[in-house]
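Grab a pencil and work through these exercises with the structure open beside you. Try each task before you read its solution.

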Amino acid sequence: MSAGAVVAALALPAVGGTGTLVVSAAETLDLKPAQLEEPPLAQTSVVYDAKGDRIAQFYAENRKVVRLDQIADVMRTAIVAIEDYRFYEHGAIDFEGTIRALAKNLSSGGIAQGGSSITQQYVKQVLLNSAGTEEGKNKALEASYARKLKELRYAMGVEQKYSKNEILRRYLNIAYFGAGANGVEAAARRFFGVSAADLSLAQAATLAGAVQNPNRTDPELGKQARKLLLERRNVVLDRMAQLGRITPEQAARAKAEKLGYKGVDAPNGCQDSPYPYFCEYVRYELLTNPAFGKTQRIREQRFQRGGLKIYTTLDPKAQRAAETAISRHVFASDHPVAAEALVEPGTGKIKAMAASRPYGRSAKRKEISYNPVADKRHGGLIGFQAGSTFKTFTLITALEQGMKIDDGISVTNAYTAPGYASFKNCKGQNMGIPSWTVTNDEGSPGFKTLATGTWGSVNTFFMALEQRVGLCETVETAKSLGIRRADGGPLQEYETFTLGINEMDPVTVATAYAAVAARGTYCAPMVITKVTDASAGTTSSYEPSCRKALDPEVADATAHVLSGVFTKGTMSGVGGIGRPAAGKTGTTDGYATAWFAGFTPDLAGAVSLGDPRGSQRYKLTGVTIGGRYFGAVAGASVPGPIWKDTMVAALQDVPASDFAPVNTARFSGCDQNCAPAREDRQETAQDRPGSLPE
């Protein structure tokens, strides 16, 4: 039969018709091969931890493109037998199939049968997948001779471009099988929990039967759909036997098997990840960082459709340590939420992110739908005021300006700015308010050195110290260590900056403290080390982004002072971790929130605790947390023990490292007579003009 005869046959009017289809077909007649544009197929993007284990996946279409040798021979045989048994014999147009379709169409009074070859079906799937609108999808599926001729032209071009085996591979990778499975590999895993290479005869026949009408035979729709799918499978087996592809005995044995549909879950998104908060950080980083695509649209397309392999910094051991420590001290049913981030000094690699509440949207299960470990850019909210963890930045500024560890200031139980000009922000504006008084709860008057003032976390001492070294200078120190508000807004530069009035997230605070551990080298938070793009066939590796933020000797002296917090200061009741460590507690005014931030030379971490309903309204007083009643929660009450338990477990098999010794000629030292002091309630000036409610 000639091509002209096919066209003539297609152009015949339907029985009882007016002949309008002849005109439509004639107007679009052009049976020359046409080049089909074939955009890359949407594939599943997979996220891996630092050991190469899968922790999450994302997809717009659940699909993994595979080679032909990764598809079982019996699957290829089954699909050809039922869909286009002369596939390897005819060209782009199956003349015999078209004649059969024509006869059926003439007898039915319309287009009842398509007679499409596998090549034509592939073309239709490409056009359908390429359609960006519902109108375009409907046009790709419309029952018209014009569409049929268009498909034929594209099919001729495809047959010229590819071998038969390549066409079959492409068809099996693009076809929809039902149950949300696109492509034979995803279908094999979704239906039966096996790879396409390991499909049995009965399983292959099931999938081959599903492609005809996947929405009708979708096994997820219930018993009737599964019955239809089983019947369709048996039709395929009978057809394979009829064509001599299998024996009647093989067909009978396969037909005797149950459907065997398993409905294997196909996780999609961070809610299905075992590490949802880390996963969310990765997702936001990929969608917002220009390093992963010039525009938002490009980044979204790559992530949802590009089949990316995303390798991350997550350390499963550190993650387990953080999760276990948090669950030991804070229950998921508690109103306050604990959150912790672990960061590697010298690289900025985030090793773990954990929280006390599960991730999700169920209020009944106390789930939260935001990331309490991260800033707003990475899925968090406004964070919590960081309290006395900010005193470290004032300490650093004093050391940078030449003060020695045993230099100090005499203070009373109350501090009042001596004048409006006693504090200036970085715009040169006066920030001192003489009518504003900061106090030490239960007081700790007397002469305080940099060491003893830090160990006791004395509010009035740090207000006086910030006045001496400069408010703007302290702010600039914090900024050099990556400190920025969790909500992305500008830092509040008031005189109480040193007391932690700014809302922060654990990742940012942990990264700042990691810079001290790394002897002044600040490295931006990092979660992605490598991305392989299946569509583009490219692999991009990413290195830490680091810079010198502090004089190494200043960092050494800071670590030396902060190490005394465990032995002579606010953490002395909790104790150390059996190796060199340094840190700082943080408790905000009225016990609204509590923190601990600390580090070893190998790992840094920050823990926050606050009530997401509003920390200023729901303070940490008279509360039960982790099954234990607290009259008031300070930094050493819950965050400190969480940090300690985390570090002990995370570093269990890591040899202990020492901090670099202090340059005593430059900074002197605090002698053994420096008395420890208890932590005072931290003043964050919640009523201070300009502070933001949580």
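**Exercise 1. A covered helix**

Which residues in H19 are buried? Work that out, then find what covers them.

Solution. Keep in mind as you go that this is a predicted model.

Step 1: Find helix H19, which runs over residues 471–480.

Step 2: Go along H19 and pick out the buried residues: Leu-471, Cys-472, Thr-474, Val-475, Thr-477, Ala-478 and Ser-480. That makes 7 of its 10 residues, so the helix is mostly covered, given that buried means under 20% relative accessible area.

Step 3: Look for the cover. It includes two helices, H16 (391–400) and H18 (459–469), along with strands E14 (521–523) and E17 (546–548).

Step 4: Step just past the end of H19, and you meet Gly-482, whose phi is positive at about 85 degrees.

**Exercise 2. Salt bridges around H19**

Describe the salt bridge between Lys-479 and Glu-493, and then the one between Arg-485 and Glu-503.

Solution.

Step 1: Start with Lys-479 and Glu-493, whose side chains meet in a salt bridge at 3.8 Å, N to O. That fits the cut-off, because a salt bridge needs the nitrogen within 4 Å of a carboxyl oxygen.

Step 2: Place the two ends. Lys-479 sits in helix H19 while Glu-493 sits in the loop between H19 and strand E13 (503–504), so the pair ties together parts that are 14 residues apart in sequence.

Step 3: Check the cover at each end. Lys-479 is partly exposed, with a relative accessible area of 36%, whereas Glu-493 is buried at 15%.

Step 4: Move on to Arg-485 and Glu-503, which form a salt bridge of 2.8 Å, N to O. This pair links distant parts of the chain: Arg-485 belongs to the loop between H19 and E13, Glu-503 to strand E13, and they are 18 residues apart.

Step 5: Check the cover again. Arg-485 is buried, with a relative accessible area of 3%, and Glu-503 is buried too, at 1%.

**Exercise 3. A salt bridge within a helix**

How many residues apart are Arg-189 and Glu-185 in helix H9? Use that to describe their pairing.

Solution.

Step 1: Locate helix H9 (residues 184–192), where Arg-189 and Glu-185 are 4 residues apart, about one helical turn.

Step 2: Recall a general point: an α-helix has 3.6 residues a turn, so residues three or four places apart point the same way.

Step 3: Look at the side chains. Those of Arg-189 and Glu-185 meet in a salt bridge of 2.7 Å, N to O.

Step 4: Add the accessibility. Arg-189 is partly exposed at 41%, and Glu-185 is buried at 4%.

Step 5: Widen the view. The salt-bridge count comes to 29, and a network of salt bridges links Glu-38, Lys-161, Glu-166, Arg-169 and Arg-170.

**Exercise 4. An arginine with no salt bridge**

What does the side chain of Arg-299 have around it?

Solution.

Step 1: Find Arg-299 in helix H14 (residues 296–305).

Step 2: Look for an opposite charge. Arg-299 is buried yet has no salt bridge, and the nearest side chain of opposite charge, Glu-300, is 7.7 Å away. Salt bridges need the atoms within 4 Å, so that distance falls outside the cut-off.

Step 3: Now look at polar atoms. The backbone oxygen of Gly-293 lies 2.7 Å from a polar atom of the Arg-299 side chain, and the side chain of Gln-296 joins that of Arg-299 in a polar contact of 3.2 Å.

Step 4: List the neighbours. Leaving out residues up to four places away in sequence, Arg-299 touches several residues, among them Leu-286, Leu-287, Pro-290 and Phe-292.

**Exercise 5. Following the strands**

Which strands pair with E15, and in what sense?

Solution.

Step 1: Take strand E5 (residues 308–312). It pairs with E15 (residues 528–533) in the antiparallel sense over 5 bridges, and Leu-308 has Asp-533 as its bridge partner.

Step 2: Go to strand E16 (residues 538–541), which pairs with E15, again antiparallel, over 4 bridges. Here the bridge partner of Asp-533 is Thr-538.

Step 3: Inspect the turn. The hairpin of E15 and E16 has 4 residues between the strands, and Gly-537 takes a positive phi near 70 degrees.

Step 4: Finish with the whole chain, which has 23 helices and 22 strands. Of its 694 residues, 56% count as buried.

Note on methods:
Residues numbered from 1 in each chain as written. Predicted model: local features only at pLDDT ≥ 70, side-chain atom pairs only at ≥ 80, totals over all residues. Heavy atoms only, no water. Buried < 20%, exposed > 50% of the residue type's maximum accessible area, 1.4 Å probe, protein only. Lys, Arg positive; Asp, Glu negative; His and termini not counted. Polar contact = N/O pair within 3.5 Å; in protein donor to acceptor, adjacent residues only side chain to side chain. Contact = heavy atoms within 4.5 Å. Pairing = 2+ DSSP bridges.
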